[in-house]
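Welcome, and thanks for taking a look at this one with us. Below is a short tour of its core, its cysteines and a pair of arginines.

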Amino acid sequence: QVQLVESGGGLVQAGGSLRLSCAASGRFFSINAMCWHRQAPGKQRELVADITNGGSTNYADSVKGRFTISRDNAKNTVYLQMNSLKPEDTAVYYCNAAAKLGPLFKWNAYWGQGTQVTVSS
């Protein structure tokens with residue numbers, strides 16, 4: 001199985017920055033795309049950013065120019081650098097990864113437990 005552990009959340013004032021990390025561990029063969037999602041109270045979970053194992057990235061319009069996703073394949077870790085934070089960025093941020101347990105296994109999606117980000121005005 002694959003375990004994803006997020007860290008780096010917290011409370012920050014508007015305009016501030018935070019860096020989230022998500023490390024994958026366990027017995028797996030390969031990890032492909034890694035993503036960050038978020039869910040604010042009363043809202044649906046939404047994709048924030050994703051990155052392939054080749055480094056191609058994609059961002060939600062609401063975070064373009066402010067957030068940067070990156071990954072260290074040697075450490076099986078994905079990062080989310082969040083700058084110019086706004087109160088509307090307040091949410092629980094979840095890490096998600098597509099991984100397979102062996103060369104003949106299917107790709108499955110795995111989720112972390114989430115980390116709270118709160119931006120005060």
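## The nonpolar core

In this predicted model, the largest nonpolar core has 31 residues, and among these W36, L80, M82 and Y93 touch the most other members. Many strands take part: β1 (2-7), β3 (18-26), β4 (30-39), β5 (46-51), β7 (67-72), β8 (77-82), β9 (91-100) and β11 (115-120) each bring at least two residues to this core. The top contributor is β9, which gives five.

Such a grouping fits a familiar pattern: in soluble globular proteins, nonpolar side chains tend to be buried together.

## The cysteines

How many disulfides does a search of the whole structure find? The answer is one. C22 and C95 form a disulfide, with 2.1 Å between their sulfur atoms. Turn the model to look along the S-S bond and you will find a left-handed link between C22 and C95, at -80 degrees. Because C22 belongs to strand β3 and C95 to strand β9, the pair ties together parts that lie 73 residues apart in sequence. Both ends are hidden away: C22 is buried at a relative accessible area of 0%, and C95 is likewise buried at 0%.

Why does C35 not bond to C95? The closest cysteine sulfur to that of C35 is the one in C95, but the two are 8.1 Å apart, so they are too far for a bond. C35 is also buried, with a relative accessible area of 10%.

## R45 and two rings

If you enjoy charges over rings, have a look at R45. Its charged end sits over the ring of Y94, 3.7 Å from the ring centre. The charged end of R45 also sits over the ring of W111, here 4.8 Å from the centre. As for rings pairing with one another, the structure holds zero aromatic pairs.

## R66, a buried arginine

Our last stop is R66, in the loop between β6 (57-59) and β7. Is R66 buried or exposed? Its relative accessibility is 10%, so R66 counts as buried, the cut-off being under 20%.

What does the side chain of R66 reach? It reaches the backbone oxygen of S84, at 3.0 Å. Setting aside neighbours within four places in sequence, R66 is in contact with Q81, M82, N83, S84, L85, K86 and D89. One of these contacts, M82, will be familiar from the core, where M82 is among the residues that touch the most other members.

Definitions and conventions
Residues numbered from 1 in each chain as written. Predicted model: local features only at pLDDT ≥ 70, side-chain atom pairs only at ≥ 80, totals over all residues. Heavy atoms only, no water. Core = buried A, V, L, I, M, F, W, Y, C linked by side-chain atoms within 4.5 Å. Buried < 20%, exposed > 50% of the residue type's maximum accessible area, 1.4 Å probe, protein only. Helix = DSSP H or I, 4+ residues; strand = E, 2+ residues; numbered from the N terminus. Phe/Tyr/Trp six-rings, centres within 6.5 Å; stacked < 30°, edge-to-face > 60°. Lys NZ or Arg CZ within 6 Å of the ring centre and 35° of its normal. Disulfide = S-S within 2.5 Å. Polar contact = N/O pair within 3.5 Å; in protein donor to acceptor, adjacent residues only side chain to side chain. Contact = heavy atoms within 4.5 Å.
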